[in-house]
Number of protein chains: 2
Amino acid sequence: MKLARIERLGLNGPEPRVVAVDLARGVVVDVARAGQSRLERAGHTPAAARRIADAHLPQSVAAGLGSACYREDLEQAIDSDPPDDAILALDQVKWLAPVDPPRFRDFMTFEQHHLSARHVLERPVPDVTYTLPTYYKAGHLSLFAHEQTIPWPGYCEWMDYELELGFVVGGGGTDLTPDEASGCLFGVTLLNDFTSRDRQFAETAGNLGPAKGKDFGTALGPWIVTVDELELTDIDLSAHVNGSTWAQGNSGSAMWSAAEVLAYLSTCEPLVPGELIGSGTIGGGCGLEVGRRLIPGDTVELRSSVLGALRNELGEPATLRWSPPARTPGRTIDGRGGVHLTELLPPRADAPAPPFPRSGP
Amino acid sequence: MKLARIERLGLNGPEPRVVAVDLARGVVVDVARAGQSRLERAGHTPAAARRIADAHLPQSVAAGLGSACYREDLEQAIDSDPPDDAILALDQVKWLAPVDPPRFRDFMTFEQHHLSARHVLERPVPDVTYTLPTYYKAGHLSLFAHEQTIPWPGYCEWMDYELELGFVVGGGGTDLTPDEASGCLFGVTLLNDFTSRDRQFAETAGNLGPAKGKDFGTALGPWIVTVDELELTDIDLSAHVNGSTWAQGNSGSAMWSAAEVLAYLSTCEPLVPGELIGSGTIGGGCGLEVGRRLIPGDTVELRSSVLGALRNELGEPATLRWSPPARTPGRTIDGRGGVHLTELLPPRADAPAPPFPRSGP
């Protein structure tokens with residue numbers, strides 16, 4: 001099954017609608033409308049059919065994934081001979097990001113990306129690359145759809161793209177093993193983690209990870225392909241800028257599997273249905289690794305024979321209305337109660353002092 | 001006004017309820033119940049009063065903050081002589097985190113914390129400290145309330161607390177100036193950003209920021225104090241472990257103001273009502289800076305004369321069911337389409353090659 005979200009015009013204005021994509025027929029099916037029609041034909045009153053369809057097939061994919069019966073509800077709706085007004089031509093829909101995740105965490109699961117990026121930057125590959133699946137918390141409130149223009153922030157001088165897979169979580173749980181976690185993966189989509197490299201490098205020097213360097217916009221879609229239609233370790237991927245191929249790769253080169261990543265995330269905090277997990281950039285899958293950068297107006301298309309094509313144009317640089325002025329060191333060390341540099345407290349009797357790490361990062 | 005969320009037992013089980021805190025009378029007022037009662041007395045039918053109160057005073061503070069009239073609705077409900085069943089004794093409520101934010105970003109606005117922490121770790125203070133308000137994306141789905149036990153992750157050997165302010169955003173907007181952003185701040189609460197220092201240091205070596213080192217649990221509360229009751233640059237703060245004072249400070253020592261932080265966040269991506277912003281640790285406000293660490297069973301209490309007291313006990317270390325096994329370097333460089341280290345593409349004719357930074361971080 002291929003699941004997506006589109007925008008349709010309702011009586012109250014534009015509304016998100018969840019649709020199933022039928023590539024063979026070149027159409028999408030509005031699943032809530034199809035489900036309501038099926039329920040009416042099964043003897044429910046129109047009002048009851050509407051109420052039950054709304055509950056089972058909400059216009060939030062994340063909310064739907066909270067139901068244990070969501071997959072079954074979707075299939076029943078699609079297979080029920082949907083009415084004509086539930087069917088729309090594929091080439092005329094306005095896409096939305098295919099999931100509205102409550103959270104988005106993005107990994108670096110591809111060793112080749114670790115190596116290539118650091119080679120170009122002449123930086124060492126840190127040990128943690130091989131001991132933990134590292135990730136950052138990404139911008140779940142600034143997701144863009146297929147064919148949406150990506151805003152170019154006023155602070156960005158060096159724009160890049162990143163060719164990734166997006167994993168959509170279908171089940172929840174805490175402290176899962178990879179075997180258990182593999183059952184929590186609902187589907188996969190294409191993900192383009194647009195990046196202001198200059199801002200990313202400036203801010204990650206502060207040890208808090210990427211922030212404004214990433215969160216202005218991440219593209220996702222066009223649709224989610226459910227895991228039953230995929231061989232997770234053999235998904236071909238490529239990236240094309242204005243039609244020219246910049247990267248190609250395969251999901252089989254990941255160092256950490258999707259199941260391992262989900263299990264790791266579930267350690268001591270719950271995995272939540274509907275959340276989005278990025279695989280991280282596939283080896284070679286960004287301009288940084290191949291010595292190129294993007295300019296305003298470029299069109300970046302990610303492609304996969306099994307996931308489709310995600311295409312986005314970059315907008316013109318925005319004008320900054322305000323930027324933080326630099327601070328003068330020492331001005332805010334004003335002695336208003338802050339503990340001073342040398343004022344360590346005496347050791348606790350009941351606990352050892354920490355073994356302070358004396359070297360990097 | 002002091003706003004909080006508590007858990008009450010309804011006919012369908014425990015439910016979150018939004019309450020106003022009246023410290024002088026030692027009570028909290030259930031604002032939706034009070035609002036419903038007020039509307040009935042104003043001539044609405046019970047069903048209409050219930051419907052309107054549900055819409056104006058939802059049990060999500062973040063949702064409520066989306067209404068332009070939320071503050072007014074709250075005040076009308078509280079000032080309307082609430083019925084007895086809307087009033088609960090302060091010392092008998094079960095607290096929830098006072099906001100259910102759609103996002104949580106945590107800064108490092110205190111220069112003294114930058115200096116002290118790096119002094120102890122014998123690391124240089126990076127230049128970005130003085131050029132950008134740096135932050136990380138924190139765990140908005142793992143917030144804990146006053147008096148809740150904080151889970152101790154199985155991977156944590158070095159637990160710490162962090163004494164912070166939590167800013168609750170009341171209004172939205174994009175590309176705001178600090179003057180405009182200052183009107184978007186709804187209120188302030190105490191925030192304890194519990195941290196596994198060993199995991200934090202391990203993972204931030206990978207340049208993606210803190211992840212499992214922070215997101216197992218952040219404490220928040222007990223209530224939000226609205227900005228009209230506060231002098232934002234003169235909030236006293238202290239931290240106490242098992243009754244012993246570990247830190248004290250004042251919000252006046254912040255290097256970046258709340259308005260500057262909100263304006264910076266709004267650059268090229270919208271600020272959203274209900275989101276939570278952490279000030280970062282006040283100077284001296286964590287064990288790292290004073291040479292101490294926490295142990296299981298410790299009780300950490302943050303106090304402020306204007307914000308109240310946020311108290312949390314640390315649980316016993318959890319048992320890990322699974323940990324990521326270390327990887328062998330080079331095993332996943334398998335040539336399945338990834339671009340290799342030396343394969344830079346020829347330069348674009350229409351864009352310069354990036355000026356690769358050749359030094360740190």
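**Sheets, hairpins and a broad meeting of two chains**

In chain A of this predicted model, five strands line up as an open sheet in the order β9-β19-β18-β15-β16, and their pairing is mixed. The edges of this sheet are held by β9 and β16 (244-250) of chain A; each has a single partner strand, so one side of each is left without a neighbour in the sheet. From one strand to the next, the twist averages 20°. As background for reading such an arrangement, strands of a sheet pair through backbone hydrogen bonds, either parallel or antiparallel.

Inside the sheet of chain A, strand β15 (residues 236-241) and strand β18 (residues 299-304) offer a good place to look at pairing in detail. These two strands of chain A pair in the antiparallel sense, over four bridges. A helpful landmark is A:Ser238, which stands opposite A:Arg303 in β18(A).

Chain B can be read in a similar way. Its strands β9-β19-β18-β15-β16, in that order, form an open sheet of five strands with mixed pairing. At the edges stand β9 (150-152) and β16 (244-250) of chain B, each with a single partner strand, so one side of each is left without a neighbour in the sheet. The twist here averages 20° from one strand to the next. Within chain B, strand β18 (residues 299-304) and strand β19 (residues 308-317) run antiparallel and are joined by six bridges. To find this pair on the model, one can start from B:Arg303, whose bridge partner in β19(B) is B:Ala309.

Stepping back to chain A as a whole, the chain contains nine helices and 19 strands. Its C-alpha atoms fill a box of roughly 75 × 55 × 40 Å, taken along the principal axes. Of its 361 residues, 54% count as buried. Among the contacts of chain A with a separation of 6 or more, 75% come from residues 24 or more positions apart.

The beginning of chain A shows how one strand can have several partners. Strand β1 (residues 2-10) is joined by eight bridges to strand β2 (residues 13-22), and the two strands of chain A run antiparallel. With two residues between them, β1(A) and β2(A) form a hairpin. Across this hairpin, A:Arg8 of chain A stands opposite A:Glu15 in β2(A). A further partner of β1(A) is strand β5 (residues 94-96) of chain A, which is antiparallel to β1(A) and joined to it by three bridges. Here A:Ile6 stands opposite A:Trp95 in β5(A). Strand β1 of chain A also pairs with strand β14 (residues 218-226) of chain A, in the antiparallel sense and over two bridges. In that pairing, A:Lys2 has A:Val225 in β14(A) as its bridge partner.

Strand β14 is worth a second look for its backbone. The peptide bond from A:Gly221 to A:Pro222 is cis, with omega near 0°, and A:Pro222 is found in strand β14 of chain A. In chain B, a cis peptide bond joins B:Gly221 and B:Pro222, with omega about 0°. B:Pro222 is found in strand β14 (residues 218-226) of chain B.

Two loop residues of chain A also have notable backbone angles. A:Glu147 is a residue other than glycine, yet its phi is positive, near 75°. This glutamate, A:Glu147, lies in the loop between β8 (143-144) and β9 (150-152) of chain A. It counts as partly exposed because A:Glu147 has 16 C-beta neighbours inside 10 Å, a count that falls between the limits of 12 for exposed and 20 for buried. A:Cys268 is not a glycine either, and has a positive phi of about 65°. The loop that holds A:Cys268 runs between α8 (258-265) and β17 (276-278) of chain A. With 21 C-beta neighbours inside 10 Å, A:Cys268 counts as buried.

Finally, the two chains meet: 102 residues of chain B are in contact with 100 residues of chain A. On the side of chain B that touches chain A, at least two residues each come from α5 (111-121), β7 (135-137), α7 (197-204), β16, α8 (258-265) and α9 (287-290) of chain B. Of these elements, α5(B) gives the most, with seven residues. Sorted by class, this side of chain B has 54 nonpolar, 27 polar and 21 charged residues.

Conventions:
Residues numbered from 1 in each chain as written. Chains lettered and ligands numbered in written order. Predicted model: local features only at pLDDT ≥ 70, side-chain atom pairs only at ≥ 80, totals over all residues. Pairing = 2+ DSSP bridges. Contact = placed C-beta atoms within 7 Å. Axes fitted to C-alpha atoms, helices over the stretch in contact; angles between N-to-C directions. Nonpolar A, V, L, I, M, F, W, Y, C, P; charged D, E, K, R; others polar.
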